[in-house]
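Morning, everyone. Let me put the structure up, and then we'll walk through a helix, the cysteines and the core.

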Amino acid sequence: MRLSQGYWQTLKETPSDADVVSQQLMMRAGLMFKTGAGLYTYLPMAFRSLKKIERIIREEHEKINAFEISMPVVTPAELWQESGRWDGMGGQMLKARDRAERDVCFSPTNEETVTDIFRRTVSSYKQLPVCLYQINTKFRDEIRPRFGLLRAREFTMKDGYSFHLDKASLDKFYDEIYVAYENIFRRMGLEFIAVEADGGAMAGGGAKTHEFQVVADNGEDYVVTVPRTRFAANIEKAVTLRKDTVPAPPTALEKFATPNLKTCEEVCAANDIPISQSLKSVVMNAVIGGKDQFFMVMLLGDDNLNEVKFKNKVNAEHIRPAQQAELDKLGLEKGYMGPGANAPLKIIFDECIDMNASYVVGANEVDYHAKGFVPSRDTIAKHFRADLRLAKEGDYIGEDLIVLKKGIEVGHIFQLGDKYTKSMKVTVLNDKGQNVTPIMGCYGIGVTRVLAAAIEQNNDKDGIIWPASIAPYDLYLCFIGKTPETKTLAEDLYAEIRNAGLEVLFDDRQLGPGVMFKDADLIGLPLRVVIGERDYQATGEIEIKVRKSGEVLKVKRQDLTKVLQQKLQELSRWA
């Protein structure tokens with residue numbers, strides 16, 4: 001593409017509403033335009049990168065015999081009502097009615113649609129296993145869309161679904177798709193970690209589930225790793241232990257005044273008590289079987305609740321912190337509540353709490369706490385123990401200290417079991433002629449999210465540093481000089497490089513080198529080729545600069561194309 005004729009422009013200033021690096025750089029570099037809250041238009045260069053991402057995905061799925069289809073973005077309510085998710089998806093599902101007053105929605109995911117397709121087309125075990133996938137638009141009505149493409153409302157996603165007669169078949173394909181995902185992200189030039197994950201509502205009790213996290217300083221997820229064993233798990237899944245607590249011996253239970261001291265930090269600091277010898281009370285609302293239930297979760301004073309673990313433990317459809325009106329109805333005062341004799345709800349103690357040690361807790365009375373609380377001795381209400389704390393720095397898995405890394409989830413694979421096939425009454429005939437319910441797997445990649453994650457991971461103060469395999473173009477070409485000979489040389493090289501099969505962004509605007517180099521760094525293509533009039537006249541050499549490493553090479557014209565091909569091959573090599 002010639003920049004003088006291209007649909008492209010850069011921004012001098014970073015947009016004030018751009019939250020993260022990828023959003024800032026994509027808007028400054030003319031890759032996308034914000035159309036509305038969480039809604040983006042992809043401009044030509046971003047569109048080219050997205051198509052390269054999609055091509056890699058398609059090529060790796062073809063290797064494992066997965067078949068691409070295209071499902072509608074708008075789907076009928078009846079399918080979601082069959083699975084029970086029409087009301088269960090909550091506010092993320094954007095619903096509407098068509099002119100015939102039929103309820104429809106903008107699909108946030110497509111398990112129901114693909115299951116309906118399957119039951120209409122597959123009837124025998126001889127047609128199994130089968131994997132169908134699409135690369136299509138999704139819409140999730142996020143309450144607070146932010147971080148550009150990392151949490152947009154409308155986005156492009158690859159979602160795939162496999163159907164199997166038995167668990168052995170599902171396990172085999174799961175391993176194949178796992179390898180395919182590794183190949184996909186390696187080919188994209190991304191540093192990633194495959195981690196054990198929690199399936200949440202999607203997995204519906206399925207066995208295996210893994211997330212693929214791109215390592216990035218601005219990631220919104222934390223990954224728990226153990227370098228020695230190469231263990232990695234999502235922070236919501238990881239089970240870790242503390243070794244830094246010193247339990248206090250049991251003492252008599254005693255109430256003491258703590259006026260205007262509501263947090264564990266405040267109470268412990270004012271009374272010279274180690275914070276790990278206090279207990280934090282968190283009251284949660286859980287919808288279980290369609291009914292509200294309340295739980296008081298007890299944690300060590302400097303720990304936080306892992307809400308995913310809590311939701312799974314109590315088998316809830318939805319959870320949230322209790323609201324003030326609900327605490328008032330329960331007779332609990334925020335900042336002073338605890339598991340004492342008058343606690344009116346079920347209590348769960350985190351497993352890091354020593355049930356026979358002494359702790360400071362809320363006394364269920366304004367401006368008062370209690371010390372000497374021994375959970376096994378002083379808890380009268382119905383209670384049990386569970387691992388509910390959120391892992392953090394300083395924790396251990398076995399004898400190994402964990403390392404937390406920040407990441408961006410770009411892929412997730414699940415074993416769904418019969419969650420959807422059973423609820424939608426899907427059966428196939430097995431080899432004995434019996435009707436059996438097939439089981440499913442689900443496999444997603446956030447295509448537009450990959451684009452943003454790649455930039456979050458690959459940038460510097462000057463702009464984007466594209467991985468070669470997904471860059472909009474292979475190289476940036478410009479010339480510095482005013483003679484007709486220099487311009488002719490640039491035109492000839494532009495044609496020659498393109499004829500060699502390389503994608504060239506030709507800056508033929510004839511601006512000053514400072515402006516052109518600044519734009520080249522902002523766009524961040526893998527290679528920059530500069531024809532300098534004086535250098536070429538003196539030495540016959542042309543400059544190549546590698547964006548990622550800063551390496552500069554001087555090559556003769558006759559060697560230029562060959563060197564460019566070699567460098568791009570090196571930059572595209574799998575990790």
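Start with helix α16, residues 557–572. At 1.5 Å a residue, its 16 residues should span 22 Å, and the end C-alpha atoms are 23 Å apart, so the two agree. Bear in mind that this is a predicted model.

Which residues of α16 are buried? They are L560, T561, V563, L564, K567 and L568. Note the general rule: an α-helix has 3.6 residues a turn, so residues three or four places apart point the same way. And what do the buried residues of α16 pack against? Four strands and one helix: β29 (475–480), β31 (527–532), β32 (541–546) and β33 (552–556), plus α13 (484–499).

Now the cysteines. How many disulfides does a search of the whole structure find? Zero. Take C105. Its closest cysteine sulfur belongs to C442 and lies 16 Å away, which is too far for a bond. C105 is also buried, at 0% relative accessible area. Next, C264. This cysteine is in no disulfide either; the nearest cysteine sulfur, in C268, is 6.0 Å away. The cut-off for a disulfide is 2.5 Å between sulfurs. C264 counts as buried too, with 13% relative accessibility.

Last, the core. The largest nonpolar core has 66 residues, and L31, Y181, F185, M188 and W466 touch the most other members. Helix α5, residues 167–187, gives the largest share of this core, eight residues.

Look at F185. Setting aside neighbours within four places in sequence, F185 contacts L190, F192, F212, V410, G411, I445 and V450.

That's the tour. Over to you.

Key: Residues numbered from 1 in each chain as written. Predicted model: local features only at pLDDT ≥ 70, side-chain atom pairs only at ≥ 80, totals over all residues. Heavy atoms only, no water. Helix = DSSP H or I, 4+ residues; strand = E, 2+ residues; numbered from the N terminus. Expected span 1.5 Å × (residues − 1). Buried < 20%, exposed > 50% of the residue type's maximum accessible area, 1.4 Å probe, protein only. Contact = heavy atoms within 4.5 Å. Core = buried A, V, L, I, M, F, W, Y, C linked by side-chain atoms within 4.5 Å.
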